[in-house]
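The following exercises concern helix packing, chain contact and backbone geometry. Each task is followed by a solution in steps.

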Amino acid sequence: MNGELFFCLYYGGIYVLLGIIAYVLLNREFKKHVRDDDAAQDVVEEPAAPQDPTE
Amino acid sequence: MTVYAIGVAAMFIIYLVIGNVSGRAVKNVDDYYVAGRNAPTILVVGSLIASYLSTVAFMGEVGFSYSGYLLPFMFMYGTCATGYFVGSKFFGRFIRRAKAMTIPDYFGTRFRSTRVRVLAGIVTCIGLFCYLVSVTQGTALLLTNVLGVSYLVSLIIVWVVFTSFCIFAGSKGILLTETLMFLVFTVMALISVPYIMKVSGGWPDAIINSVLLTEKPGLFDWCGVMSGEFNTMGTPLDIVVWIVTFSLIWIVVLSISPWQASRYLMAKDEHTIFRAGLAAPMCAILVCTLIHFSVTTINATDMYIDPVENAFISTALHYFPVWLGIVVCGGILSAGLSSCATFTTLIGFSLANDIIAPIVKRNKGAEYTMSLSTSRICMAIVGLLALIVTYCQPPAVMWIAYFAATLFAVSWAVIGFGSIWSKKMTEQSAFWSMLTGIGVFVIFQLLITFAGLTMPAWLPEEFIAFLCSWAVFFIVNAVTKPTAEDEAYLKMLHTPLPNTYDKKEIKRTLLYPKIMIAFGVLVVVGLIFFYYMPYTEAIAMLH
């Protein structure tokens with residue numbers, strides 16, 4: 001491969017790569033926090049266990 | 001008065017009206033410094049691009065490509081534009097959380113240190129002043145060409161417009177006009193390409209004719225012109241070192257420099273920062289690729305434009321229809337003025353907020369009241385100084401700006417990313433690593449300029465300065481320990497803002513990387529079709 005063809009592939013390819021990296025990084029972060037938030041919400045919304053009247 | 005002068009005058013009037021109107025909306029320091037921290041994606045993108053693509057881009061860098069180094073420049077440019085995303089993800093979002101007014105203000109608060117803040121303020125003022133001089137030179141040169149008046153008269157007109165604008169407008173006005181100007185010069189780039197190509201025979205002949213030029217052999221080669229009277233860059237090794245060095249420098253500059261990262265301080269939320277960090281490189285690449293490739297083909301018609309900074313303007317004035325000439329000159333003028341205004345504003349902010357205020361040590365209320373008026377006075381003084389220095393300094397639009405960029409890269413790279421990502425970083429390591437970076441770089445520059453020192457191609461002085469800064473960071477970190485306050489502040493920086501994990505916002509933000517992937521594929525296909533195929537055809541003719 002010559003330098004000029006390499007340039008064409010590199011110049012656009014770096015943005016394909018950046019797009020993939022950005023997607024992976026952002027998606028991973030978002031997923032992790034949304035999961036954590038949902039878990040925290042479930043804990044809050046979980047109904048209290050009925051009390052045993054005999055106690 | 002020529003029709004060009006009328007077009008330029010109209011541009012100035014629009015610019016001043018916007019500045020005046022937005023200036024009236026400034027009610028407090030937050031409005032003035034960071035536009036109320038409420039800017040949407042389009043304004044942040046417009047501002048990021050407009051403050052980056054100044055006359056340095058449309059005159060200095062386009063001139064560099066025209067002179068024979070198109071592909072080396074594009075290699076560097078393609079790489080460094082990724083710095084926008086690096087900056088938004090690994091720096092910008094965190095300083096937005098810190099709610100700082102300026103980047104030196106952030107450094108000072110992060111390490112609870114006046115000396116760190118003052119030193120960062122001094123670096124900001126010196127670096128941005130160099131950049132301001134370079135951009136003012138370019139804008140005044142342009143005006144001289146368009147109006148046919150003397151350089152001094154052009155300089156005074158440019159100075160009056162940008163100084164009066166930024167004294168009254170503040171960040172809100174800057175954001176609005178920068179976005180407007182970003183739109184103007186994007187449209188300019190899209191419209192002017194076919195006209196420029198037509199000058200040298202239209203596509204693909206324009207590229208073929210340029211490749212066949214015997215006086216500038218290698219105009220479209222990966223390493224540019226390497227022989228003959230137009231070779232100014234030495235050997236292919238020099239070119240590779242240049243590409244690597246300036247790619248790294250500009251990645252750092254686009255990530256953490258005050259005129260880029262400060263835009264994130266104005267963003268509405270973290271999603272705005274991510275989106276801007278992904279949209280900005282695509283816009284910048286689109287505009288620059290079109291302009292640089294097309295202007296380089298002008299060589300087939302006229303390869304002796306002097307100074308090379310005038311390559312684009314000279315083409316617009318001599319070969320374009322009048323209406324397009326006005327659009328192009330107006331577009332470049334817009335880019336220059338918006339950058340002048342941005343740099344003057346940032347220097348004024350830093351001088352008032354990061355150097356004068358901490359030294360004077362007023363009580364909080366008085367400091368805030370003083371800061372707004374002091375900023376305006378500082379901007380007026382900075383503008384006046386820039387006028388004097390620009391008049392005395394011979395034009396070197398691109399190289400002065402590159403010096404300023406390097407100054408930030410070598411002194412701020414370690415403290416910028418370290419302040420977010422290093423748990424061990426202390427106030428001492430922040431201060432000494434920054435001082436070492438700038439000190440070593442300046443010493444080498446003095447030795448090269450005045451003592452005739454020459455560095456080997458494989459070891460540029462920028463790397464030495466950066467390595468020294470990095471070494472000091474490690475050594476000082478090893479002998480000092482971060483305080484409990486340091487650790488608490490770092491923890492706060494890593495706590496997301498409230499709406500960051502809103503599902504609807506996440507879905508929209510994740511669309512941007514997908515668009516970027518498609519953009520990258522289109523760029524490869526476009527380059528192979530519009531550049532590589534005519535290039536190989538011309539090379540076959542040569543053999």
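**Preliminaries**

Of the 55 residues of chain A, 16% count as buried (20 or more other C-beta atoms within 10 Å of the residue's own, with C-beta atoms placed from the backbone; exposed means 12 or fewer, and partly exposed lies in between). The model is predicted: local features need pLDDT of at least 70, side-chain atom pairs count only at pLDDT 80 or more, and totals for chains, interfaces and linings use all residues. Residues are numbered from 1 along each chain as its sequence is written, while chains are lettered from A and ligands numbered from 1 in the order in which they are written.

**Exercise 1. Describe the contact between chain A and chain B.**

Step 1. Chain A has one helix and zero strands (DSSP runs, H or I of at least four residues and E of at least two, numbered from the N terminus).

Step 2. In the interface, 25 residues of chain A are in contact with 33 residues of chain B (C-beta atoms, placed from the backbone, within 7 Å).

Step 3. On the chain A side, these divide into 17 nonpolar, six polar and two charged residues. Here Ala, Val, Leu, Ile, Met, Phe, Trp, Tyr, Cys and Pro count as nonpolar, Asp, Glu, Lys and Arg as charged, and the others, Gly among them, as polar.

**Exercise 2. Determine how α7(B) and α14(B) pack.**

Step 1. Helix α7 (residues 114–147) and helix α14 (residues 322–360) of chain B have axes 8 Å apart, at an angle of about 155 degrees. Axes are lines fitted to C-alpha atoms, for helices over the stretch in contact, and angles run from 0 to 180 degrees between N-to-C directions.

Step 2. The angle therefore makes α7(B) roughly antiparallel to α14(B) (over 145 degrees).

Step 3. Their crossing is left-handed (the near helix is turned anticlockwise from the far one by less than a right angle; clockwise is right-handed).

Step 4. The contact of α7(B) with α14(B) comprises 23 nonpolar, ten polar and two charged residues.

**Exercise 3. Where do the cis peptide bonds of W203(B)–P204(B) and D306(B)–P307(B) lie?**

Step 1. W203(B) and P204(B) are joined by a cis bond with omega of about 5 degrees; P204(B) is in the loop between α8 (151–199) and α9 (205–211) of chain B.

Step 2. From D306(B) to P307(B) the bond is cis, with omega near -5 degrees; P307(B) occupies the loop between α12 (270–296) and α13 (311–319) of chain B.

Terms used. Angles under 35 degrees count as roughly parallel, over 145 as roughly antiparallel, 65 to 115 as roughly perpendicular and the rest as oblique. Two residues are in contact if their C-beta atoms, placed from the backbone, lie within 7 Å.
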